[in-house]
Amino acid sequence: MHYAILCYHDERVVEGWTKEEDDAVIAHRQIVQKKLAAEGKLGPVVRLMPTTAATTLRAGRETIVLDGPFAETKEQLLGLYIVDCATLEEAIEVARALKGDETSGTFEIRPLRVFRPGGPLPSLPA
Amino acid sequence: MSDLAGIDAALTSARPQVVGALLRYFRDLDRAEEAFQEACLRALRHWPQNGPPRDPAAWLIFVGRNAGLDTARRERRHEPLPPDDVISDLEDAEGEIAERLDSGHYRDDVLRLLFICCHPDLPATQQIALALRIVSGLTVKEIARAFLVSESAMEQRITRAKSRVAKAELPFETSGAVERAERLAAVAAMIYLVFNEGYSASGGSAHIRASLCEEAIRLARLLLRLFPAEPEIMGLTALLLLQHARAPARLDGEGAIVLLEDQDRGLWDRELIAEGHALVEKALRHRRAGPYQIQAAIAGVHAHAARFEETDWAEIDQLYALLENLQPSPVVSLNRAVAVAKLRGPAAGLEMIEPLAQRLAGYFHFFGVRGALLMQLGRNEEARAAFDRAIALAHTPAEAAHIRLHLDRLIKDSKPA
């Protein structure tokens, strides 16, 4: 089984960490990552930019593009894509294409702060 | 991270929201601050035992409000403060407040707290000190160190600023759209002042100065979280991130200024630059250009160049032209002249700055730029006069030392080999 492990924290608190504190947390996690990588169990590792860098595309009768993160609690995180786009505009267009003609659902577009593709993991049967 | 460090971080990040809410409640800055202090003390006693609450800010507002009310009652009756288990039922703290925080006050609370630091009667240094004290929660000692003054002098400065603010009419009604926009602009300018205080390195250790810049970035992000669709707040945040990204390369081992052209670009913080770029891009989608966005875009052009020689001066010239148009100022024209000199040679740059001489007669950078352009044109005597003037106007030893370096070069060049 493949698992996604999603990291949640109050970003205002994390932003308040000194560089040393932030580095200490990352250093610990890298030890774990190294072990997983050696065992061939590590896929992509991502650190997101703060929510202030986010843009949200919301489907509806009309599709709207909003500044800021996805903030509703009545919808749940169901999947994610990592795409390489030259501009924000291009990323928004990708989200629009993924949405297709659905009239509900939300796509939050959040730039990555750190990206390590990791080793290839076996595909799951479709 | 230890429990206590974690609690400390949670208290610091909750501070603007909690003090803002307590200020709305008590309408008195000192009382709000005292109540916040009291709530923090109780948090330090309760959280390690019971674990932190789900919503630390809501807990602190509830407990702070009760503590403040109890203090007021005690003052009337001259009685000691009752113990924790009598003062308030801490277990109930979350339920009641969850609903209060939803009421949409939050944004106005924090904006008001930031706004009272921007009172037009307060000189810039007092605005900065007040913001660092009441919004960021830095201690008087820390602020005094950043400004290189004694603790008692800083204490006085903050007390004076507070009493001035207290006499002013504080706006407690929920603000309308126009007032909100005005407040937002004032607060953005104040945050930029905090950043510049750290950035302009007017003495103090590099470490302390950097923490002022980081504090300004935190305030900018706080504001952007409250107003996520304001392109100028995106621009402000981006500008601070892009400028701060260069901090590791701006001073050499001895604390001397390293010019942009000589900086080791490998030392620039690529993550901050990427975030700055992302915010500029977001802002530009709104097609409502403003001074912060344009300045951020200029910083972005510099950050984009892998080497100084690859800087897109034409783009920078155009951006400064746009800024001149939006916000005419001799300082902007001076900066544009630097870009023009790179594009079309020192004579063209010099021609642009001559008309500014009168208005910038007391401005260090004017004479620094003028001297450098004259030097490039081989007009060494005039260059020397300009550099002498710059040294006389320098605010910091680092600025003066930098100009002296130019002078030394001139003297060396004028001596027969």
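This section describes the fold of chain A, the salt bridges, the nonpolar cores and two unusual backbone angles. The model is predicted.

Chain A contains 3 helices and 5 strands. Read from the N terminus, its elements follow the order α-α-β-β-β-α-β-β. The C-alpha trace of this chain spans about 45 × 40 × 30 Å along its principal axes. Chain A has 126 residues, and 24% of them count as buried. Contacts between residues at least 6 apart in sequence were also examined for chain A; 69% of these join residues at least 24 apart. The accessible surface of chain A amounts to about 9,100 Å². Carbon and sulfur atoms contribute 58% of that surface. Chain A carries 15 positive and 19 negative charges. The mean positions of the two sets lie 6 Å apart.

Over all chains, the structure holds 31 salt bridges. One of them pairs Arg47(A) with Asp22(A), with 3.0 Å between the closest N and O atoms. Arg47(A) belongs to strand β1 (residues 45-48) of chain A, and Asp22(A) to helix α2 (residues 19-38) of chain A, so the bridge ties together parts that are 25 residues apart in sequence. Asp22(A) is buried, at a relative accessible area of 12%. This value falls under the 20% limit, so the residue is classed as buried.

A further salt bridge in chain A links Lys41(A) and Glu39(A). Here the closest N and O atoms are 3.7 Å apart. Lys41(A) is exposed, with a relative accessible area of 56%. Glu39(A) is partly exposed, at 40% relative accessibility. The two partners therefore fall into separate classes, because exposed requires over 50%.

Glu108(A) and Arg110(A) also meet through their side chains in a salt bridge, at 2.5 Å from N to O. Both partners count as partly exposed: Glu108(A) has 29% relative accessibility, and Arg110(A) has 24%. Elsewhere, salt bridges with shared partners form a network that includes residues of both chains. Glu11(A) and Glu15(A) are joined in it with Arg221(B), Arg225(B) and Glu275(B).

The nonpolar cores come next. The largest nonpolar core comprises 90 residues. The members that touch the most others are Leu60(B), Leu114(B), Ile191(B), Leu223(B) and Leu240(B). Leu114(B) illustrates these contacts. Leaving aside residues up to four places away in sequence, Leu114(B) touches Val135(B), Val187(B) and Met190(B), as well as Leu219(B), Leu222(B) and Leu223(B). A second core, separate from the largest, has 22 residues. Among them are Leu334(B), Phe366(B), Leu373(B) and Leu407(B).

Two arginines of chain B adopt a positive phi although neither is a glycine. For Arg27(B), phi is about 55 degrees. Arg27(B) sits in the loop between α1 (3-26) and α2 (29-50) of chain B. For Arg287(B), phi is about 50 degrees. Arg287(B) is likewise placed in a loop, between α14 (270-284) and α15 (291-304) of chain B. Arg287(B) is exposed, at 75% relative accessibility.

How values were computed: Residues are numbered from 1 along each chain as its sequence is written. Chains are lettered from A and ligands numbered from 1 in the order in which they are written. This is a predicted model: local features need pLDDT of at least 70, side-chain atom pairs count only at pLDDT 80 or more; totals for chains, interfaces and linings use all residues. Side-chain values use heavy atoms; hydrogens and water are left out. A salt bridge is a side-chain nitrogen of Lys or Arg within 4 Å of a carboxyl oxygen of Asp or Glu. Helices (H or I, at least four residues) and strands (E, at least two) are DSSP runs, numbered from the N terminus. Buried means under 20% relative accessible area, exposed over 50%, partly exposed in between (1.4 Å probe, protein chains only). A nonpolar core is a set of buried Ala, Val, Leu, Ile, Met, Phe, Trp, Tyr and Cys residues joined through side-chain atoms within 4.5 Å. Contact means heavy atoms within 4.5 Å. Accessible areas come from the Shrake-Rupley method with a 1.4 Å probe; for residues, only the protein chains shown count as cover. Lys and Arg count as positive and Asp and Glu as negative; His and the chain ends are not counted. The place of a charge is taken as NZ of Lys, CZ of Arg, CG of Asp or CD of Glu.
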